[in-house]
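Here is a set of short exercises with worked solutions. Have the sequence and the 3D view ready, and try each task before you read on.

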Amino acid sequence: QSTWDRLIGLLRHNMASEDIDLGDLLAPLSRDRLEMIIVNCLTRHPDDYNTVLREIRKPIDGTEVRGSLTAVLNIAGFYEALNDAEQFIERAGHFGKSQDFLNAFRILEPVTELMVTATVAEDITPENMDDDEMKTRIEAFFSNMESAWQSAINCFDESKLSRASSSTTSAKVVLQQHYDNLTKYKSELLPIWGPLFSDPLRALTKRLRKSCDDDSSSSSSSSSSSSSSSSSSSSSSSSSSSSS
């Protein structure tokens, strides 16, 4: 009996087996084939759509991402960690494209910090490389990182942030933190790999200005409302005095 036959038999009886590695069974399938299979399955079993949606929306654990990448960096260094970092950045990019900026940020924050720090600490520069292929790969990595940040910032939604966050940190504070961090990373990488993060920083500047304008409008509305209330109170007092 093949492994697939055993798996199907177990599934039909709502049983599981730890000795069957589903990852190994699905490994021969390309990403496109897997996507087509999932779509076909959901078409036949639409009730399972919510299960898939819950998995898609499940919050990423940023501390887990940081711990995983830190471990590889400490043991093997930048070049070995690059494999994991590339996969993280690719996933962050997908989250951005699907309008999930929260999960994109949860990946981008630790990965960007750790890889930029390692680049500077280990003196990862084009001048120190004999391998042109590796140089091109690192350039592509930072370019993809920049694009992932851009995608996440473009879909930033203040209302989603307030609903998803348990803290009272405002959108303006979050955006300012990202702006400050990316400005720092840009200055550190500029002498080594040239200008990076320019587009995300421009997008953050635009968002911050809008946030300031919204705050000003809100303050003006509150002031106008207070003035109107004061005027009404004064008018009422004057009317009462006249009646007396």
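**Exercise 1. Decide how α7 and α8 are oriented to each other: roughly parallel or roughly antiparallel?**

Step 1. Find the two helices: α7 covers residues 101-121 and is given with α5, while α8 covers residues 132-154. Helices here are DSSP runs of H or I with at least four residues, strands are runs of E with at least two, and both are numbered from the N terminus.

Step 2. Look at the axes, which are lines fitted to C-alpha atoms, for helices over the stretch in contact, with angles from 0 to 180 degrees between N-to-C directions. Those of α7 and α8 come within 10 Å and cross at roughly 150°.

Step 3. Apply the cut-offs: under 35 degrees is roughly parallel, over 145 roughly antiparallel, 65 to 115 roughly perpendicular, and the rest oblique. The two helices are therefore roughly antiparallel to each other.

Step 4. Add the handedness: α7 passes α8 in a left-handed crossing. A crossing is left-handed if the near helix is turned anticlockwise from the far one by less than a right angle, and right-handed if clockwise.

Before we continue, a word on the model: it is predicted, local features need pLDDT of at least 70, side-chain atom pairs count only at pLDDT 80 or more, and totals for chains, interfaces and linings use all residues. Residues are numbered from 1 along each chain as its sequence is written, and side-chain values use heavy atoms, with hydrogens and water left out.

**Exercise 2. List residues of α7 and α8 that meet, and sort the contact by class.**

Step 1. Use the contact rule, heavy atoms within 4.5 Å. On the α7 side, the residues include Phe101, Phe105, Leu108, Met115 and Thr119. Their partners in α8 include Phe141, Phe142, Met145 and Trp149.

Step 2. Sort them: this contact has 14 nonpolar, two polar and one charged residues. Ala, Val, Leu, Ile, Met, Phe, Trp, Tyr, Cys and Pro count as nonpolar, Asp, Glu, Lys and Arg as charged, and the others, Gly among them, as polar.

**Exercise 3. Is Thr119 buried or exposed?**

Step 1. Place the residue: Thr119 belongs to helix α7.

Step 2. Check its accessibility. Thr119 has a relative accessible area of 0% and is buried; buried means under 20%, exposed over 50%, and partly exposed in between, with a 1.4 Å probe and protein chains only.

Step 3. Look around it. Leaving out residues up to four places away in sequence, Thr119 touches Phe78, Ile124, Phe142, Leu189 and Trp193.

**Exercise 4. Compare the two partners of α5.**

Step 1. Start with α6 (residues 78-97): its axis and that of α5 come within 7 Å and cross at roughly 160°. That makes α5 roughly antiparallel to α6.

Step 2. Name some of the contact residues: Val65, Leu69 and Val72 are among those of α5, and Ala81, Asp84 and Phe88 among those of α6. By class, the contact of α5 with α6 divides into nine nonpolar, one polar and two charged residues.

Step 3. Turn to α7: α5 (residues 62-76) and α7 have axes that come within 8 Å and cross at roughly 25°. So α5 and α7 are roughly parallel to each other.

Step 4. Compare handedness: α5 passes α6 in a right-handed crossing, and α5 passes α7 in a right-handed crossing as well.

**Exercise 5. Which loop holds Gln99, and which holds Phe197?**

Step 1. Gln99 lies in the loop between α6 and α7, and Phe197 lies in the loop between α10 (171-193) and α11 (198-243).

Step 2. Check the backbone: Gln99 has a positive phi of about 70° although it is not a glycine, and Phe197 likewise has a positive phi of about 70° without being a glycine.

Step 3. Check the exposure: Gln99 is partly exposed at 46% relative accessibility, whereas Phe197 is buried at 0%.

**Exercise 6. How many helices, strands and disulfides are there?**

Step 1. The protein has 11 helices and zero strands.

Step 2. A disulfide is a pair of cysteine sulfur atoms within 2.5 Å, and by this rule the count is zero.
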